[in-house]
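Let's take a friendly walk through a protein chain. Keep the picture beside you as you read, and try to find each part as it comes up.

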Amino acid sequence: MHVPNKPENEAQRIEKLEQLDILDTESEERFDRVTRLARRLFDVPIAVVSLVDRDRQWFKSCYGIDAQETERDVSFCGHAILGKDPFVIPDASQDERFVDNPFVIGEPGVRFYAGIPLVLQDDLVLGTLCIIDTKPRQLSDEQVSDLIDLAKIVEQELTTRVTATTDALTQISNRRGFSALGERLLDYCRFGGFPVSLAYFDLDNFKQINDQFGHQIGDEALKQFTRLLESSFRESDVYARMGGDEFVVLMSGATEMVAHIAIDRFTQSVEKFNQDSTHSYQITFSVGVASSKVLNDTTLESLIDVADKRMLEVKRSKAR
């Protein structure tokens, strides 16, 4: 059996999947409608909307299998997400990659598999719409096109979910997306007894950038600030645009001292950016930090409130 490789953009793929906040959620008619139609249209016993997580494939919608998830290493979908073209196995018992796969030699006795990669923004493949049969078969070109059309419906539904939690300008989490991801991170820290720190950023004199250079340059400044955040903090940190020119970064396992070290590193990146004479504007900011050992009464809103107040104190001190 061949264990599927992982895509080169695996970290970004998982980040987008987590941003969706869809894993382990209840079934939804908008996805079930597609799998029911796929099963009927192709006359197969199994149809699945599968999302490939770090170590598992999780089924958002599944007809014909009782399981809600399986290990990624034995999944057909783990192979399918390595490309963007249809992934079709006419007879798994004759394919060296799957001949001894537990789902082939055992239940449900997979022979035929066809999976269409689900591609979202930034060309990230999050999973598949797949159909499975217990007997070998082929798909005509027309049938493949029909399956692709159904997969496009699933992609549209996933994109709708992304836009509800993603800031349209910067393409990072918005307040709603941050709330979902941040609560998960707090639960992780609470379970492990780890500290957590939240940094609340506000750009200084942002109105002046808009007034002097126009809103297009102002938007570019916000996107550049986002890129500097992404390159300075850890992949495991959760960052978001809270609205306007305000941003937050939630750092797991970070004491206040560690948080300030990370902010100092970010400050150096901003200063290096400002030294580049090709930019018509300078980025400056105020930041406040709230740190805590995550207890049962620690909430995301309480951390935001404390960090926001401290940021405002810093901003007022600059105005004196």
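What follows goes from the whole chain to its helix pairs, then to one helix and three single residues.

**The whole chain**

Keep in mind from the start that this is a predicted model. The chain holds ten helices and ten strands. Along the principal axes, its C-alpha atoms fill a box of roughly 75 × 45 × 35 Å. Of the 320 residues in the chain, 48% are buried. How do contacts link up parts of the sequence? Among contacts between residues at least 6 apart in sequence, 67% join residues at least 24 apart.

**Three pairs of helices**

Two packed helices are described by the angle between their axes and the distance between the axes. Here are three pairs described that way.

| Helix pair | Angle between axes | Axis distance |
|---|---|---|
| Helix 6 (175–192) and helix 10 (300–319) | about 105° | 10 Å |
| Helix 2 (29–42) and helix 5 | roughly 175° | within 10 Å |
| Helix 7 (206–213) and helix 8 (215–232) | roughly 140° | within 7 Å |

Take the pair of helix 2 and helix 5, whose axes cross at roughly 175°. That angle makes the two helices roughly antiparallel. On the side of helix 2, the contact uses Arg-30, Phe-31, Val-34, Leu-37, Ala-38, Leu-41 and Phe-42. Helix 5 brings Gln-143, Asp-146, Leu-147, Leu-150, Ile-153, Val-154, Glu-157, Leu-158 and Arg-161. Sorted by class, this contact has eleven nonpolar, one polar and four charged residues. As you trace these residues, a general rule may help: an α-helix has 3.6 residues a turn, so residues three or four places apart point the same way.

Helix 6 and helix 10 pack at an angle of about 105°, and are therefore roughly perpendicular to each other. Phe-178, Ser-179, Gly-182, Glu-183 and Leu-186 of helix 6 meet Leu-300, Leu-303 and Ile-304 of helix 10. By class, that gives five nonpolar, two polar and one charged residues.

The third pair is helix 7 and helix 8, which cross at roughly 140°. Angles of 115 to 145 degrees count as oblique, and helix 7 and helix 8 are therefore oblique to each other. Helix 7 contributes Phe-206, Ile-209, Asn-210 and Phe-213 to the contact, while helix 8 contributes His-215, Ile-217, Gly-218, Ala-221 and Leu-222. These residues divide into six nonpolar, three polar and no charged.

**A closer look at helix 6**

How far does helix 6 reach from its first C-alpha to its last? Its 18 residues span 25 Å, close to the 26 Å expected at 1.5 Å a residue. At the start of helix 6, a side-chain oxygen of Asn-174 comes to within 3.1 Å of the backbone nitrogen of Arg-176. After helix 6 comes Gly-193, which has a positive phi, near 70°.

Which residues of helix 6 are buried? They are Gly-177, Phe-178, Ala-180, Leu-181, Gly-182, Leu-185, Leu-186 and Cys-189. Their cover includes helix 1 (10–20), helix 5 (141–165), strand 7 (195–203), strand 8 (238–243), strand 9 (246–252) and helix 10.

**Three residues to find**

Start with Ser-61, which sits in strand 2 (residues 56–63). Is Ser-61 buried or exposed? Its relative accessibility is 2%, so Ser-61 counts as buried. Its side chain makes a polar contact of 2.7 Å with the side chain of Thr-35. Not counting residues up to four places away in sequence, Ser-61 touches Phe-31, Asp-32, Thr-35, Ala-47, Val-48 and Val-49.

Next, look at Thr-170 in the loop between helix 5 and helix 6. Thr-170 is buried, with a relative accessible area of 10%. The side chains of Thr-170 and Asp-167 are joined by a polar contact of 2.7 Å. Setting aside neighbours within four places in sequence, Thr-170 is in contact with Leu-222, Thr-226, Arg-241 and Phe-247.

Last comes Gly-83, in the loop between helix 3 (77–80) and strand 4 (87–89). Gly-83 is partly exposed, with a relative accessible area of 29%. Although Gly-83 and Val-125 are 42 residues apart along the chain, 8.0 Å separates their C-alpha atoms. Apart from neighbours within four places in sequence, Gly-83 is in contact with Pro-117 and Val-125.

Definitions and conventions
Residues are numbered from 1 along each chain as its sequence is written. This is a predicted model: local features need pLDDT of at least 70, side-chain atom pairs count only at pLDDT 80 or more; totals for chains, interfaces and linings use all residues. Side-chain values use heavy atoms; hydrogens and water are left out. Axes are lines fitted to C-alpha atoms, for helices over the stretch in contact, and angles run from 0 to 180 degrees between N-to-C directions. Helices (H or I, at least four residues) and strands (E, at least two) are DSSP runs, numbered from the N terminus. Angles under 35 degrees count as roughly parallel, over 145 as roughly antiparallel, 65 to 115 as roughly perpendicular and the rest as oblique. Contact means heavy atoms within 4.5 Å. Ala, Val, Leu, Ile, Met, Phe, Trp, Tyr, Cys and Pro count as nonpolar, Asp, Glu, Lys and Arg as charged, and the others, Gly among them, as polar. Buried means under 20% relative accessible area, exposed over 50%, partly exposed in between (1.4 Å probe, protein chains only). A polar contact is a pair of N or O atoms within 3.5 Å; within protein, one must be able to donate a hydrogen and the other to accept it, and residues adjacent in sequence count only if both atoms are side-chain atoms. The expected span of a helix is 1.5 Å times one less than its number of residues.
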